Amino acid sequence: MSTALRQTVDVMTEQRVHSSPGLRAWLGLAVILGPVLLVSMDGSILFLAMPRISQALSPTADQALWILDIYGFAVGSLLVAFGSIGDRYGRLKLLMIGATVFGIGSVGAAFAPNAELLIAFRALMGVAGATLLPSALAVLSELFPDSRRRAQAIGIFAAAFAAGFAIGPVVGGSLLERFWWGSVFLVNLPVLVVFLLFAPTLLREVHATRQGRIDALSVATSAGGLLLTMYGLKRMAADGVSVLPVLAALLGIALLTFFALRQRHLEHPLIDFSLFRDRVFTIAIITGLLPLAAWSAAAYLAGIYLQSVLSLSVLHAALLALPGAVVLTVSCIITPTVVDRIGKKTALIICHFSIAAGLGLLLLTTTADGVGWYVASTVIASVGYGISFSLVADTAVGAVPTERAGSAGAIAETSNEIGNALGIALLGSLAALIFRLQGPALAPTLDETLQLPDLVPTALQEAKAAFVTGLHAAAAVAGLLHAVLGVVALRWLPKSEPSEPDTRMPGEPTADRVESKA
């Protein structure tokens, strides 16, 4: 074969490889989607399980909230830091370690004998979860070097992430119908075993050539500030204002302030706050945070409402969540196509007003009836939730220069996780405060009140009414915030024209910054 012919064949072979990723790439994508699905699903799988966990472990009001949201705080506060660690030491290596620790945390949580240990193992799962998301995105870029195929893979990745949040309550409710509460954690193990078996064969190591020093003090102050602030707010909501929670909240705010000021003087900050000077970027990040806050709080409180107020079975409650889960997933999948036609500005406005409208329907629920309003609420709001999941990272990355796309993508991912935790922490604490003020003052939560012996019908009705009032307050606050943000988006965002979809990976480093090792 002549040299010229051989070169022509080599070029054609290289083009074919880049245009068709092959079986290995698609199998690799399937393997990656397992941990991604678990990370998002474990942020919501306990929403319907909490009444059962409360019966088994008898957590206090603030412990119940910590069980739910310590996971989200751990993921959100460490996401950027583990992204930098993966760049330095290898994304695949970090994925393998994270998946192993996630499995250990799942087993520990499943068999936790008390609320304190359950919180500790949920925190461990959150730390492991923070290693998985950024590394999975980077490894995905190595599997699909062709931009068109990579865009398809990213769409599947985003849909899986959204589906995990949406189906978490459904999966949890289905398991609880047959098994004990610990099964919602053990369901993680088969997926993790498959990943650990096949990942070394199907995936390759990825390093970023440009590495920055990880500032341990920034990691500690951001995580500690979040936890102390939320601890103080939760304790004040559950038990009233006292010295310890006030001091904790003030110390947390001080640490977060120190963290924000420190980032301005670091060569490689964990969060580049200068990006927030761009209005489009700022609205995109808020859109990543606020819908997750509303969704997590509404799903958590509605799960208690359906089971403890309306006395529905856990399976019935899970099935009622299914229509909203389907709409959310479909909305996430079709959003890129719709955005090409109507533009990002219109899509973001629809996102916020549909969520506000859906949350408004929860205000029509009562202690006697509300199933129809709940289903309608989840279906309408899920249109906006799906838009948020699909659009935020792309909008944030597109609003900044290419060389800062990595920082923008990391902040966008972090906003999702922090929003998921903040929703339960802040809106859940608001509902707990109202229950404490308006309830029968027999116990700090509705589930604890229902477990009291010889509970008279008048006290039972008063407790249910107080909980529904708290649900209404949380929904009203979240809905109002979304309506305000919709108006802000309408006035602040520049007019966007339909355009070709951006095939660049959200938060992906440019080609000259990534090297792949077999």
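The protein has 18 helices and 2 strands. Keep in mind that this is a predicted model.

**Exercise 1. Get a feel for the whole chain: what percentage of the residues is buried, and how do the contacts split by sequence separation?**

Start with burial. Of the 518 residues in the protein, 55% are buried. Next, take the contacts with a separation of 6 or more: residues 24 or more positions apart account for 85% of them. Finish with the outside, where the protein exposes about 21,100 Å² and carbon and sulfur atoms supply 66% of that area.

**Exercise 2. Find the largest nonpolar core. Which helix gives the most to it?**

Step one is the size: the largest nonpolar core holds 118 residues, and L46, I53, L118, F185 and Y300 have the most contacts inside it. Step two is the helix, and that's α12 (residues 279–309), which puts in 13 residues. Step three, look for a separate core: there is another one of 17 residues lying apart from the big one, with V219, L270, F281 and A412 among its members.

Now zoom in on Y300. Skip the neighbours within four places in sequence, and Y300 is in contact with F47, M50, L65, L68 and I424.

**Exercise 3. Look at helix α3 (residues 50–57). Which residues are buried, and how are they placed around the axis?**

First, pick out the buried ones: M50, P51, I53, S54 and L57. Then check their directions around the axis. They cover an arc of only 160 degrees, so they sit on the same side of α3.

Now step off the end of the helix. S58 follows α3, and this residue lies in the loop between α3 and α4 (61–89). Its phi is near 50 degrees, a positive value in a residue other than glycine. As for burial, S58 has 47% relative accessibility, so it counts as partly exposed.

**Exercise 4. Where does A441 lie, and why does it count as exposed?**

Location first: A441 is in the loop between α16 (405–438) and α17 (446–450). Backbone next: phi of A441 is near 60 degrees, again positive in a residue other than glycine. Then burial: the cut-off for exposed is over 50% relative accessible area, and A441 counts as exposed because it comes in at 69%.

**Exercise 5. Take L328 and I334 in helix α13 (residues 314–342). Is each one buried, partly exposed or exposed?**

Begin with L328, which lies in helix α13. At 0% relative accessibility, L328 counts as buried. For a long-range partner, try I387: the two are 59 residues apart in sequence, yet 8.3 Å apart in space, C-alpha to C-alpha.

Now I334, also placed in helix α13. Its relative accessibility is 43%, so I334 counts as partly exposed. Last step: see what I334 belongs to. Together with L319, L322, V326, V330, I333 and V338, it forms a nonpolar patch on the surface, with about 570 Å² of accessible area between them.

**Exercise 6. Which residues does R262 touch, leaving out those up to four places away in sequence?**

Place it first: R262 is found in helix α11 (residues 243–263). With 25% relative accessibility, R262 counts as partly exposed. Then list the contacts: D215, L217 and S218. To put a distance on one of these, use S218: its C-alpha atom is 7.5 Å from that of R262, although 44 residues separate the two along the chain.

Technical notes. Residues numbered from 1 in each chain as written. Predicted model: local features only at pLDDT ≥ 70, side-chain atom pairs only at ≥ 80, totals over all residues. Heavy atoms only, no water. Patch = residues over 30% accessible without salt bridge, like charges linked within 9 Å, V, L, I, M, F, W, Y side chains within 5 Å. Areas by Shrake-Rupley, 256 points an atom, 1.4 Å probe, with all protein chains shown as cover. Salt bridge = Lys/Arg side-chain N within 4 Å of Asp/Glu carboxyl O. Helix = DSSP H or I, 4+ residues; strand = E, 2+ residues; numbered from the N terminus. Buried < 20%, exposed > 50% of the residue type's maximum accessible area, 1.4 Å probe, protein only. Core = buried A, V, L, I, M, F, W, Y, C linked by side-chain atoms within 4.5 Å. Contact = heavy atoms within 4.5 Å. Arc of directions from axis to C-beta.
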